[in-house]
Amino acid sequence: MKNLKWWQKTIAYQIYPKSFADTTDSGTGDLQGIINHLDYLKSLNVGAIWLTPIYPSPQVDNGYDISDYTAIDPAYGTMEDFERLISEADKRNIKIVMDLVYNHSSDKHKWFLESKSSRDNAKADWYIWRDPKFDGSEPTNWRSIFGGSAWTYCEERKQYYLHTFAKEQPDLNWENPDVRQALYDAANFWIDKGVGGFRIDAIVYIKKPKIFIDGKPDSVDGTFSIHNAIANTAGILDFLYEFRQKVFDGHDIFTVAEANAVKPEELKFWVGEHGAFDMLFEFSHTNVMFPTGEVWHSWKTWKLTKLKAALTESQIATANNGWYPIYFENHDKPRCINNFFNVEFKTRNEELLAGKAIATILLTLRGTPFIYQGQELGYTNTAWDSIDCYNDISSIDQYNWAIRDGFSASEALKFVHKFSRDNARTPMQWSTQLNAGFSTAKTWLPVHDDYKKVNVEVEDKDADSILNYFRRLIEIRQNSEVLIFGDYEEILTDDENIYAFARSFEDKKIYTVINFTMQSIKFNADFLKDSKLIISNYGNIQAENLRPLEAAVLIHNSE
Ligand code: GLC
């Protein structure tokens with residue numbers, strides 16, 4: 001057990017490069033900006049940085065539409081900048097983790113331009129082409145994840161191509177061995193550059209069913225979700241094992257796949273000693289508010305037991321085999337302060353308690369914690385007053401969808417405020433200066449209007465800031481065998497107000513208790529007898545009582 005790998009003991013930090021730090025007065029971030037702030041990341045004791053895509057891209061989906069898999073987008077800098085980033089990070093014992101977007105490329109990738117040019121070119125079957133139905137319509141009624149048909153017609157071929165996401169993101173044909181080899185070669189190119197791992201995007205969609213048929217419509221427009229049609233199709237593991245063997249095996253790197261459809265009983269094929277990857281980002285805890293799939297206007301308040309069950313299930317699923325990344329935010333999710341409490345906070349103090357409470361869970365569960373940029377500063381959602389202010393392709397789709405389903409424009413905008421991916425993508429707030437010190441130019445997305453208070457410069461100096469709370473928690477975790485190695489056990493399982501769990505290793509035990517409500521809660525604290533406080537978001541604790549949003553970590557005193 002003590003033979004854990006480096007990435008099981010580290011803290012990972014996700015950077016959204018477009019919004020991290022701009023050194024060229026362009027309004028978008030760049031690689032030099034990341035290099036300039038490596039010492040900041042070191043001050044958080046981060047050991048791995050996951051960069052969302054920095055490859056050349058038309059930016060229809062902010063880099064998840066890649067037009068060259070082995071180059072750097074000039075907006076971010078040059079290959080030399082990237083090599084410098086690797087070596088500067090290495091000096092601080094930090095690894096760089098790249099995002100592999102292999103289900104689809106950009107429609108401007110040279111492979112697709114060739115593929116679409118005729119039915120008999122050398123790359124004719126590098127993407128997924130089908131003839132129209134007899135009436136000329138789409139081959140199936142599948143709806144893409146960003147809305148509208150998952151098929152787009154191509155005049156040159158008089159055929160449709162499939163796209164799980166936007167029409168500018170055509171799906172690659174993994175059945176073709178040349179496609180697979182080209183993708184493996186690209187990943188090996190980055191291994192040769194010295195990357196420390198990969199996050200693998202949307203991988204559950206790479207295998208398509210043998211026969212393409214209409215699904216029973218699940219939307220008023222007669223379409224059927226492509227996720228339900230193709231996610232985790234039988235046979236996918238053959239591709240994944242080959243991927244592992246041709247790229248990942250034999251390197252001291254980690255892989256974490258985005259996999260929103262893998263059931264706990266299948267986990268042994270996906271992670272662990274014989275699995276395809278080291279870790280999986282799964283979605284059960286981030287989807288507790290969506291009973292029927294990720295339709296924003298279908299969200300409901302949820303019971304705490306649902307969130308707890310999701311977290312506990314993944315802890316148990318990887319207890320004996322495999323390992324999970326722990327996360328509460330990423331570039332696709334709202335800010336955790338707004339997302340994991342059935343409460344609208346009124347004061348900054350409440351928000352800070354909430355942000356520290358989630359941080360406490362993040363850093364005391366078993367697995368590799370992933371912090372998302374700004375989370376450590378206590379970022380909250382934005383709320384712009386028109387849909388035209390939003391950049392995110394899925395916010396625009398979800399807005400139109402709500403209108404189609406009968407909501408007014410202002411109601412539709414409220415759903416966007418709550419769930420827009422742009423909530424996570426506003427620029428990093430470094431200081432009280434112009435544009436929060438992110439850039440001197442007009443920024444590609446507006447800076448959050450709270451930046452004078454919420455920024456690195458101010459929080460650095462404030463001993464009680466959430467930033468310094470993160471630093472303390474990280475230090476506690478890094479020095480605790482219990483928190484790194486220990487087993488997980490949920491306590492007070494049926495309680496709808498409190499999340500409590502124990503981590504234990506050899507004869508030591510650490511408890512985490514969190515009050516998710518705005519009330520003081522009396523509880524049976526027998527299990528905390530003989531325990532002493534290590535850290536709490538109130539700075540102290542009361543016997544048998546948890547104050548609103550209180551989070552505390554205690555160690556059992558075995559002496
Ligand atoms: C993943 C990414 C998301 C992107 C999508 C399509 O879900 O995290 O940002 O839009 O894949 O590549």
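## Loop, ligand site and core

N287 touches E294 and K333, leaving out residues up to four places away in sequence. The model is predicted.

**The loop**

N287 sits in the loop between β11 and α10. T286 is also found in the loop between β11 (279-281) and α10 (304-317). Is N287 buried or exposed? Buried means under 20% relative accessible area. N287 has 16% relative accessibility, so N287 counts as buried. T286 has a relative accessibility of 1%, and therefore T286 counts as buried.

Which residues does T286 contact? With neighbours within four places in sequence set aside, they are Y327, K333 and F340. K333 is thus a contact of T286 and is touched by N287.

**The ligand site**

Which residues surround the ligand? They are D61, Y64, H104, F146, F165, R199, D201, E258, H331, D332, R421 and R425. By class, this shell holds 3 nonpolar, 2 polar and 7 charged residues.

Three of the surrounding side chains are listed below. Each distance runs from an oxygen atom of the ligand to an N or O atom in the side chain.

| Side chain | Distance to a ligand oxygen atom |
|---|---|
| D61 | 2.5 Å |
| H104 | 2.9 Å |
| D201 | 2.8 Å |

How much of the ligand does the protein bury? Taken alone, the ligand exposes 310 Å². The protein buries 96% of that area.

**The nonpolar cores**

The largest nonpolar core has 171 residues. Which of them touch the most other members? They are F82 and F198. Helix α6, residues 177-193, gives the most to this core. The contribution of α6 is 8 residues.

F82 can be followed further. Leaving aside neighbours within four places in sequence, F82 is in contact with L31, L51, I54, I72, I96, M98, W190, K193 and V195. Two of these contacts, W190 and K193, have numbers that fall in the range of helix α6, residues 177-193.

There is also a second, separate core. How many residues does this second core have? It has 14 residues, among them A500, F523, L528 and A552.

**In brief**

T286 counts as buried, and N287 counts as buried. The ligand has D61, H104 and D201 among the residues around it, and the protein buries 96% of the area that the ligand exposes alone. In the largest nonpolar core, F82 and F198 touch the most other members.

Definitions and conventions:
Residues are numbered from 1 along each chain as its sequence is written. This is a predicted model: local features need pLDDT of at least 70, side-chain atom pairs count only at pLDDT 80 or more; totals for chains, interfaces and linings use all residues. Side-chain values use heavy atoms; hydrogens and water are left out. A residue is near a molecule or strand if one of its heavy atoms lies within 4 Å of it. A polar contact is a pair of N or O atoms within 3.5 Å; within protein, one must be able to donate a hydrogen and the other to accept it, and residues adjacent in sequence count only if both atoms are side-chain atoms. Accessible areas come from the Shrake-Rupley method with a 1.4 Å probe; for residues, only the protein chains shown count as cover. Ala, Val, Leu, Ile, Met, Phe, Trp, Tyr, Cys and Pro count as nonpolar, Asp, Glu, Lys and Arg as charged, and the others, Gly among them, as polar. A nonpolar core is a set of buried Ala, Val, Leu, Ile, Met, Phe, Trp, Tyr and Cys residues joined through side-chain atoms within 4.5 Å. Buried means under 20% relative accessible area, exposed over 50%, partly exposed in between (1.4 Å probe, protein chains only). Helices (H or I, at least four residues) and strands (E, at least two) are DSSP runs, numbered from the N terminus. Contact means heavy atoms within 4.5 Å.
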